[in-house]
Amino acid sequence: MRSQRILLTDPTLRDGSHACSHQISVHQIRRYATAAEAAGVDYLEVGHGNGLGASSLQVGLSLVPEQEMLRAAKACLKATGLSVHVMPGFATAKREITNAMEIGVDLFRVGAHCTEADLTQCHISYVRNAGKEAWGVLMMTHMASKDVLLEESKKMESYGAQGIMLMDSAGAAVPDDIRQKIGLLADKLEVPVGFHAHNNLGLGVANSLAALEVGARILDGTARGFGAGAGNAPLELIVAAMRRLGYNCRADLYKVLDAGELAEEIFSENLPVSNSITIVSGLAGVFSGFAKPVQRAAKQMGVDPRDVFVELGKRKVVGGQEDLILEVANELAARQKQAGANQHP
Amino acid sequence: MSNRLKVAILGTGNIGTDLLIKVVRSRLLECRLFAGRNLASPGMLKANQLGVPVSAQSLQAIHDHRAELDLVFDATSAHDHLRHAPVLRELGLVAVDLTPAKVGKLCVPAVNLEACLEEPNVNMVSCGGQASIPIAFAIAQTNPQVEYIETISSIASRSAGPATRINLDEYLMTTEEGLQTFSRCPAVKAILNLNPAQPCVHMQTTVLAMLKEPNLPKTRMAVASVVKKIQRYVPGYQLILPPMIESNRLVVMVRVEGHGDYLPKYAGNLDIINCAAIAIAEAHAIKRGAA
Amino acid sequence: MKSRLEQVRSDTAAVLDGRTERLKPLAGTTIFISGGTGFLGTWLLELISALNAEHQFDIRVAIYSRSAPDFIRRHRHLGSCKAFRFLEGDIRFLTELPRETQYIIHAAALTDRRLFASNPTAVGEVNSLGTIRLLRAACLLEDLRNLLLVSSGLVYGPQSLAVERIKEESSNGFPCDNPNAIYSESKRFSEAFAASFVSETKVPLVIARPFAFVGPYQSLALPWAVTDFIRDTLAGRPIKIMGDGSTVRSLLYASDFAYWILAALACGQARHAYNIGSPEPVDLLSLAKMITQHFTPPPDILTRVGQSDHGTTRLVPCVEKARRELGVQLTVPLADAIQRTINWHRAPEIS
């Protein structure tokens, strides 16, 4: 099994968008894309953190319009394919996907919350009919059982998805969850299965290795873990661990390490760190992309961001519901005020 | 009784059936026909229990009952409405279109009810459109320099049927078109989230805007007044976050709790579009001197 | 001698004794039971009425059945219960459920074996269409916490003697081009429809697959082995077994049956199926002996009264999963179950 080559997808310039409040510049894209091409990752994913069409007041406006981002990356890539993340509800087939195709995007990773795979039918079909590669992505996978994930993956497979990614978008999973879920999918699906980690509980690399152990053929990793929340599984650590364990990939370890150094240099101000907020976020099972907006709202309303995460977790919010952050912070502030008033009548 | 506006409902799915309950309750409307294709559908059985005449002949039944009708609600599909629209027009029946076909004038009762009364065919935009457009309109009316308006609706996953789920793009496009038409804002965006949480969440819509020198007090008044107007025909419409400035954006949030007629209360998204359709039909009834 | 009702009350008290914790999620909720006036339905109402009276469960029940008025007449103590609301209707035309419904037990089905032969099309129609209607209506509920689909142990198809105990994962194709298959096929279809429904709507749903039962309220008119045997014995007639009596079944006592169903409703895992039956195998000859020993002199047991050699079959569930996940157990062993059933039939209606 280990002779099977593992595909590496690198969403540094997409998930990292969350880490810097969507302020990735064209210059950063050019430099990192060049390094990723040299490193030999199979795909480089670029764009807004929530994918095509997601630059918005709700999730955050991108510094650079998405078409410019994609063009800048495309110009630096040859052997490495260009990938985008697509979420129905944000991106439409006729507008955003068509535009991305014209720019030369090679792979469309069409995602939905882990129980809502049927939302991707139209988009996956559209990409496949245009002759491009489409994968299905299930997000927030800690919120569904392995049987549900299998059922939802099979829906995407039937729409034409050529790969299935499970994302631990909240960084809430432990290796045993991943072994069970990826293991079942790897066993039952015809298309290759992959895993995308978040590091809120410090398990990004361990979870990624657990996925490989049970048959995952695709891994996501970002340079220095540049991604939402506590970041992703760092690409350089994944590649190093894979070498240690004897897994094959196209990437060159030294060049991947170089890309990591570059990321540290160009993204130095926003590299993700583990802190009490990201840990609580992981425990509460809240989408990692909420980290920055929660901190902003908590500050404005004068409440503890950890309480905001716990409350959001209780409400089982999903990616894209950033507007609830403000509502929750507002409510917590009102409750605090109420409690304060009761204490000092 | 006899001077009530006589209406027919085309389409006996969940939307059509919920609409039926609302028509039956209305003091200004009378349901003369509930038509679709499947006499055994739950909607048809319900109509039968309510003593409303039913038919499985769909559009043909409208033809056959033309003399008894003034207005037709179309709750089928965009594809079907494109076929129905010219026929209804020829028959001289007012068409209230709940599909995303957009044949007729976009109708949001809180904003352009009067102007819609002269139209042979009106389109009810989308659920998110009905919830957000009046707010966007109020913002645009009070702040001349609105650069960008965005609306995000979160609905309970279970309130979106298979047809909606397979074609979210149609919803986004329709809502954006509505936003642009009514706010005259050069740049708009619509986002839709489906929330699978259990118990099901109520529909929630946020309107965000970027504008130069916002006039917050005036905006608050305008929003409060339009919300009152909507509440007259959508009882479960609530302002949960009055206009405020956060991170240089203007934010307004509303929640729509459904009336729970045929559809569950969490399906505020379906309730609001049906309530809006009833509002325009009742306005027609009043114009014709009913009640 | 205790009256029939007193016997039932002591059965319900015994099965609930120390076992109410498992059912706690049901406290204070509204349950809708389709087909709530049959053997299972009656026992469910007995248990719920005891939970309300003795354990402050405050459960409200809506019972949907074609024979609701008849049931109220026959079982006044249940019919007059304030927490029970009886709705008369045919499941094929069900369009809506009471809005406040939080739990559903879908037990409405034609289960009379005689009907499988004389009117199999009705069996197919009621059982499959009824399930479709009920699930569609369930989808409109605001706060549905669990839906229990009462399927059947017969979905596993005919079993050979070699299958000691049937597990939930086993699946066996069987000839479906035979009118005799209609009941099992209608149950298999119901399960398949339910699975598609869950996939599309994410409605929480659990499947129960009951096997065979014995106990009070079970009509002796039904031509099943145990009911035949008891009826003939009570009438002083010999028990007739067509084959050599080596066919193996298992019988769960009524109070256990109802308790297990409630446990599956309260804590069954969504999307999972549970065998509901006794794991204690018994061959028909031993069963007959167990029955006749309660009579003096014991009536005769005649075997091989049939014409041809009857293929011996075995239908015994593995109930490890139910034990593990629902925390249920067999509280009434078969010998007791038989004795209690005979006592009940001998007892006066009221003391």
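# Exercises on a predicted three-chain model

Over all chains, the count comes to 58 salt bridges. The model is predicted, so please read each exercise with that in mind.

## Exercise 1: A salt bridge within chain A

Work out which parts of chain A are tied together by the salt bridge of A:Glu236.

*Solution.*
- Step 1. Find the partner: A:Glu236 pairs with A:Arg224, and their closest N and O atoms are 3.2 Å apart. This falls within the 4 Å cut-off for a salt bridge.
- Step 2. Place both ends. A:Glu236 sits in helix H9 (residues 235-245) of chain A, while A:Arg224 is in the loop between strand E8 (218-220) and H9, so the bridge ties together parts 12 residues apart in sequence.
- Step 3. Check exposure. A:Glu236 has 8% relative accessibility and so counts as buried, because buried means under 20%. A:Arg224, at 24%, counts as partly exposed.

## Exercise 2: Bridges in chains B and C, and a network

Decide where the salt bridge of B:Lys46 leads, and whether each end is buried or partly exposed.

*Solution.*
- Step 1. The side chain of B:Lys46 meets that of C:Glu96, with 2.4 Å from N to O.
- Step 2. This pair crosses between chains: B:Lys46 belongs to helix H2 of chain B, and C:Glu96 to the loop between strand E3 (84-88) and strand E4 (103-106) of chain C.
- Step 3. B:Lys46 has 14% relative accessibility and is therefore buried; C:Glu96 has 26% and is therefore partly exposed.
- Step 4. For another pair, look at C:Asp90 and C:Arg92, which form a salt bridge at 2.8 Å, N to O. Both C:Asp90 and C:Arg92 are buried.
- Step 5. Finish with a network of salt bridges that links A:Glu311, A:Lys314, A:Arg315, A:Glu327, A:Glu331, A:Arg335 and B:Arg255.

## Exercise 3: Nonpolar cores and a surface patch

Find the residues with the most contacts inside the largest nonpolar core.

*Solution.*
- Step 1. That core has 83 residues, and the ones with the most contacts inside it are A:Leu8, A:Tyr32, A:Leu52, A:Leu70, A:Phe108 and A:Met242. Helix H2 (residues 26-39) of chain A gives its largest share, seven residues.
- Step 2. Take A:Leu8 and set aside sequence neighbours within four places: its contacts include A:Val41, A:Tyr43, A:Leu219, A:Ile238, A:Met242 and A:Ala251.
- Step 3. There is also a second, separate core of 77 residues, with B:Cys107, B:Leu179, B:Val254 and B:Ala285 among them.
- Step 4. Now turn to the surface, where A:Val174, A:Leu201, A:Ile279 and A:Leu283 make a nonpolar patch of about 320 Å². Of these, A:Ile279 lies in helix H11 (residues 276-284) of chain A and is partly exposed, at 36% relative accessible area.

## Exercise 4: A helix and a strand of chain B

Test the length of helix H1 of chain B, then describe what its buried residues pack against.

*Solution.*
- Step 1. Helix H1 (residues 14-25) has 12 residues and, at 1.5 Å a residue, should span 16 Å; its end C-alpha atoms are 17 Å apart, which agrees.
- Step 2. Its buried residues are B:Gly16, B:Thr17, B:Asp18, B:Leu19, B:Leu20, B:Ile21, B:Lys22 and B:Val23.
- Step 3. These pack against elements of chain B including strand E1 (5-10), helix H2 (42-49) and helix H10 (268-287).
- Step 4. Compare B:Leu208, which is in strand E10 (residues 203-211) of chain B and is buried, with 2% relative accessible area. Its contacts include A:Leu57 and A:Gln58, as well as B:Tyr148 and B:Val251.

Notes. Residues are numbered from 1 along each chain as its sequence is written. Chains are lettered from A and ligands numbered from 1 in the order in which they are written. This is a predicted model: local features need pLDDT of at least 70, side-chain atom pairs count only at pLDDT 80 or more; totals for chains, interfaces and linings use all residues. Side-chain values use heavy atoms; hydrogens and water are left out. Helices (H or I, at least four residues) and strands (E, at least two) are DSSP runs, numbered from the N terminus. Buried means under 20% relative accessible area, exposed over 50%, partly exposed in between (1.4 Å probe, protein chains only). Contact means heavy atoms within 4.5 Å. Patches are made of residues with over 30% relative accessible area and no salt bridge: like charges are joined within 9 Å, nonpolar side chains (Val, Leu, Ile, Met, Phe, Trp, Tyr) within 5 Å. Accessible areas come from the Shrake-Rupley method with a 1.4 Å probe; for residues, only the protein chains shown count as cover. A nonpolar core is a set of buried Ala, Val, Leu, Ile, Met, Phe, Trp, Tyr and Cys residues joined through side-chain atoms within 4.5 Å. The expected span of a helix is 1.5 Å times one less than its number of residues.
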